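Here are my notes on the contacts between chains and between domains, set out as numbered points for your review.

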Amino acid sequence: MLALDPMLDGGVLWTPFLIVVLKVLVIFVVGLVATMLMVWFERKVIAGMQNRIGPNKAGPFGILQTLADGIKLFFKEDLLPRRSDRFVFALAPFLSFVPAFLSFAIIPLGGDFRDGNNGIVTWFGVQTRVQLADPHIGVLFALAVSSIAVYGIMLAGWSSGSKYPLLGSVRASAQMVSYEAALGLSLASVILVSGTMSTSGIVSAQSSLTDWHVVATGVVPFIIFMIAATAELNRPPFDLVEAEQELVGGFNTEYSSIRFALFYLAEFMNTVTMSAMIVTLFFGGPQPISINGVTLDIPFIPNGLEGTVWLLAKVSVFLYIYVWFRASLPRLRYDQLMDLGWKLLIPASLGWFILLAAQRLARNEGWNIFVTTAGAVVVLGACYALMQAAFAVSGKTREREGAQF
Amino acid sequence: MQLIVFVLASAMMLVGALGVVTRRNPVHAALSLVLTLFGVAVHFVALEAYFLAAVQIIVYAGAIVVLFLFVIMLLGVDKAEDLQTEPLIAQRWLAGVAGLGLLGLLVIAVSRGSELLTTRAEGLDTSVAGATGDANIQQLARSVFGDYVVAFELTSVLLVVAVVGTVMLARRRVPGEM
């Protein structure tokens, strides 16, 4: 053991410290490589869906296309618009890039969670998890990071000093703030069922297929989370932020060279992170598929490593689904986007959460679960009727006063 | 280590706070406010109040300042303000007096309560904290939804009233109706 004290804190030894440094490095490299592959994967799959060939020149199957694009972007001229706000203009790409990496820190990337193991592995004689950090507030950290990501897009549009980027960023901030509510509320159902906020705890709670939160919370929170996550990512069909037919290129119109590359990277990085988040929250993360105690085991691979394989497989499925969305769904109109978010997703996620909470309470207090559920459904039905009445009234008022707005 | 974190976070907060007051561009002022809020979050983390730190960022930095920025962008008031105009008479003078008074009160409160804070710590119930990992959140939930549930619900009612009031004020009146 070296005599120096790495954290000036006493008690923290070199081995755990170096393991943390190693994890940071691995996550950074894996994140970049995953993003590179994701860009290629998206272009290739979309090309397949549209009967084209797609990138096929650089490397086998064109897999190095992103690398070539990246090198090209590095050597392009970095333009600074004259009416831009210099400091904020330079800051914005990093505000968008850094949060994309940060949320990777709390995702369990592997480890043995089966048979009541808690995913702790031993590296060089130190017990640790295959994730950079496991804070008790886990998923709240992800929410906080995604709320910071808004700044990158918002400030990029504002600091460009030009009209279309500003429009794009105003749209973006309204959209992301609106859908964050739905995202958080559907997440609350997962926290309610698993009883913990830490990501490793959430994964541990999903040991068999029926415990996977997609089943345990009913499918509704998953669907809401999926839609809200797509809107958070500004991916099609919610990509009004960069609607190229209306806004030239949206918030990043004025950006070029490496700054543009950072936005581009952040966008795809966020897609990968969000898919990993969905897998962690609803599909058991590194847990294998297991029904009634029969576990689908991959032979010859140790259980700790097998988690990583499972995670990769599950994440790829969601990445494919995101590309599929992009290839098949037309973009929403702005009022449709806001209606969907505020009038459907937020009330639905809140109602479902109340229903789950009522069932949980009934189980804890020993009440009849069917009666409680029926009561909750009646109450929620009344709420729904009230809401519909409010919509009808406000719709009529808007029609009458339409000329005034 | 604790001292270094404390000094850095406090420096962040002070720089941010000064920036809010001195920057002429409203967007820069709002960004300085974000810096201050992050400093507060770092302090919370250093005090092991992780939940508060996360909520601080989600609510203040992620929602409220975003809303400020949104309004600034939407109304296009992002030009430097003219500092010569004074909307209310004697506003600055009164603000100075109020600020000094607040500072005095704070100094008195801290100097009189320092003994209480450092030695006896009566006000804090530390029985649950540190028991398990989620103790922080559980303790908070128990006091918000258990001990102080009435105050909590009343606050939410107050917020709803504020929202309804804002909508009523902002809506244009139709002549001949209402």
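How many residues does the contact take from chain A and from chain B?

1. The contact takes 25 residues from chain A and 21 residues from chain B, where two residues are in contact if their C-beta atoms, placed from the backbone, lie within 7 Å. This is a predicted model, in which local features need pLDDT of at least 70 and side-chain atom pairs count only at pLDDT 80 or more, while totals for chains, interfaces and linings use all residues. Residues are numbered from 1 along each chain as its sequence is written, and chains are lettered from A and ligands numbered from 1 in the order in which they are written.

2. On the side of chain A that touches chain B, helix 4 (138–159) and helix 5 (163–194) of chain A each supply at least two residues (helices are DSSP runs of H or I with at least four residues, numbered from the N terminus). Helix 4 of chain A gives the largest share of that side, nine residues.

3. By class, this side of chain A comprises 17 nonpolar, six polar and two charged residues; Ala, Val, Leu, Ile, Met, Phe, Trp, Tyr, Cys and Pro count as nonpolar, Asp, Glu, Lys and Arg as charged, and the others, Gly among them, as polar.

4. Within chain A, domain 1 (27–332) and domain 2 (335–400) are distinguished, with bounds that come from an automatic or database domain assignment. Their C-alpha centres lie 29 Å apart.

5. Between these domains of chain A, 22 residues of domain 1 are in contact with 15 residues of domain 2. Helix 5 of chain A provides the largest share of the domain 1 side, eleven residues, and that side has 16 nonpolar, six polar and no charged residues.
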